[in-house]
Amino acid sequence: MLVSALIIFAVFLLIFGLVVFFDVRKAKKHNQKYHFGRAVTAFLLLLPATLFAFFFVLLPILYSLGYGFTDYYLTKPNATEFVGFDNFKAAFEEIAEGGDLAKAIKNTAIFVVVVVPLQIGLALLLALFCNNKNRGTVIFKVCFFAPVTVSLAVTAYLWKEILTGSETGLMNQFLALFGIPAQDFLRNDDTAMLWIVVASAWQGCGFQMLIFLSALTGIRKELYEAARMDGCNAFQRFLRVTLPGLKPTLVYIVITVFIGACRIMVQPYLMINVYADRNITISYYMYEQVFTSYRVGYSSAVAFLMTIFIGTITLIQRKFLGEKKR
Amino acid sequence: MAKLLLSNICKVYPSRDKQPSIFKRLFTKDKSKLKKPEDFVAVKNFNLEIEDGEFVVFVGPSGCGKSTTLRMIAGLEDITAGELYMDDVLLNNVDPMNRDMAMVFQSYALYPHLTAYDNIAFGLKIRKIEDTVTDKDGNTKTIKRHHTKAEIDEKVQWAAEILGIKELLGRKPSEMSGGQCQRVALGRAIVRGPKVFLLDEPLSNLDAKLRTSMRSEIVKLHQRLGTTFIYVTHDQIEAMTMGTKIVVMKDGVIQQVDKPTDLFLYPNNIFVAGFIGTPQMNFFDVVLKGDSSKVNLTLEDGETLALDAKKMRKINPEYLDNEEHNCVLGVRAEHLKIADKGINAVLSIFEILGTTTHLFMHLENQEKEFIVATDESRAWVHGDKFKLFFDEEKIHLFDKESGLSILEGAKK
């Protein structure tokens, strides 16, 4: 471990060296004096953050990638051997055979496809609702933001209690008012994921609402007035002034919500409490592979594939949604 | 054709201060101590008739209600009381989009994500136009349709040609200077061919040189289009050089509505007299005493000016009763002449501006300064004493208490 850390750190120093080397060449080309002292100062100032990112972000990623090529078994760490692409092959085979991983991908895909527009749409609606100076708006802002401050585990338990299958559940008591018999929402294959989506969107949208609100205040009032004079109705003003004004924020929110949604794990894990077809997601699957089946190597390979997938989709989103360079 | 009539227009903003709490109201014995929030009256009884094709300028200091009035005409502010008519149609509750007016904002208000072309074309793309079509049976009927691409392009190119911005059409607002942005904003307004143009301090963000050139371009545009223009500014030079009719406002109240020259020559009150003209009109507190033939004005330092009433503009007979009346004498800097006889004045400082020189003087034993504008060029020395001559025909007299002019106004 120490040796590999030192090797990677040496690579980092090499990168620093290369940066200095190319900077010196560039300075010479433009007949400018290269201030080596300044470069060293800059690198020294960068060092704490770099070290932090290195030890807590890059190193774990590289280790995880490394494990993906081994048969690392949690209970037998000393018997680890290099197995090449076997883990990746196994993952693809499981998908092809329609195993748990295939179900996890399907569930995660459903979750992402529904929760991203739902959560962002809800956040935008709430932000538009709260974006005025009327008295009392602040109360709504606090109410909508409150779920963000509560722990995921707590809200998952809260929703579990609301949706519990017994007749004492809040939702079932409510349905009973209309004579509808008690339902077991979280054990039903058709509705379980739907309620996980609802709980996630409800908890997450407050944060995005806040970001949208700050972006909305950045859109100048005169633009709306100009649009009114130009003949736009309220919906056209939203389409032609608000949305373009929110575009940079929207891109950021789409990407972050998408990445967050791909990693969904806590709600399906805590709200349903059973590893079942209806609630496995990719993260839940990886967790199960490590802590139930002890297959760290295999799980790392799946994690690596997932990272590549999320990265690719994010790049595509940036390309299509991002600001076009002139 | 667009004739506007503003009848008793008022705008009141409710106070943002909080009412005293219910406990305070219940337990304060002396109710007069409870401070009630007062509403803010931005515009008060605004009456104005604007003929078709006029270039009307609303001018006044900051906070006088000129922009509020313009925004009420545009429909961006509600009218608290009074009526606004365009061609005899009541507009009070008509949405801005249906008023057929175009507005140019101080901050240009160009859509930052659109190019100059798309900014100009924006209104055309949104609005529908009426068109008559003939169906297979030969019946003609009126339909509403959007402009075609070719129509939009033709109009945008026409506006760009007039404003000289053809080469800017592909640029976004962030890639243009303030003057270029303002031209695009003007283009966006003219391209729709509205009945009325509303311009809210459109030149305030430009530098002095650009402002002068844009000023003449807007006047040319008005002459070319022949549409009604309503222009808001705090700059009296803009008002004087551009408007065919000027509305001077203060504290939400119209002070005077007149042609530029009449406003300069025959101000209704001290405010208008002081606001219009550069440098500002000089004011002296005087005591007026006289009859229909001779008028004596006694200045604060005791000097008396004997004026021939027949040479002056006609004075309100109430003041010609041989009694003493407290008045304010107003004389423009260019109407005070250095002469052999007249009132004694001392030179404090001077500003040589090229063709003219501004002499800052004060009466002997008085500290209050006034300005004399002279074409004379000589070696001015601080503390030099001069005698100043008043041109009787060009002096202004105001009642000290009411501030209103006691001289006859322009013959209409």
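I looked up A:Tyr284 first: at 1% relative accessibility it counts as buried (under 20% relative accessible area is buried, over 50% exposed, in between partly exposed, with a 1.4 Å probe and protein chains only). Its partner A:Tyr269 is partly exposed at 27%.

A note on the basis: this is a predicted model, with pLDDT of at least 70 needed for local features and 80 or more for side-chain atom pairs, while totals for chains, interfaces and linings use all residues. I number residues from 1 along each chain as its sequence is written, letter chains from A in the order in which they are written, and take side-chain values from heavy atoms, leaving out hydrogens and water.

Aromatic pairs next. I searched the whole structure and got 34 over all chains (rings of Phe, Tyr and Trp, the last by its six-membered ring, pair if their centres lie within 6.5 Å; planes under 30 degrees apart are stacked, over 60 edge-to-face, the rest tilted). For A:Phe69 and A:Phe82 I find ring centres 6.5 Å apart and planes at 20°, so this pair is stacked. Both residues lie in the loop between H2 (36-68) and H3 (86-97) of chain A, so the pair ties together parts 13 residues apart in sequence (helices are DSSP runs of H or I with at least four residues, strands are E runs of at least two, numbered from the N terminus). A:Phe69 is buried at 18% relative accessible area, whereas A:Phe82 is exposed at 65%.

Back to the tyrosines: the rings of A:Tyr269 and A:Tyr284 have centres 5.3 Å apart and planes at 80°, so I log the pair as edge-to-face. A:Tyr269 sits in helix H11 (266-272) and A:Tyr284 in helix H12 (282-291) of chain A, so this pair links parts 15 residues apart in sequence.

I also noted one aromatic cluster made of A:Phe69, A:Phe82, A:Phe85, A:Phe88 and A:Phe304.

Then chain B. I count nine helices and 22 strands there. Its radius of gyration is 27 Å, well over the 22 Å that the globule rule gives for 412 residues, so chain B is more spread out than a compact globule (radius over C-alpha atoms; the rule is 2.2 Å times the number of residues to the power 0.38). The C-alpha trace of chain B spans about 90 × 70 × 40 Å along its principal axes. Of its 412 residues, 47% count as buried.

Last entry, contacts (heavy atoms within 4.5 Å): in chain B, 67% of those with a separation of 6 or more come from residues 24 or more positions apart.
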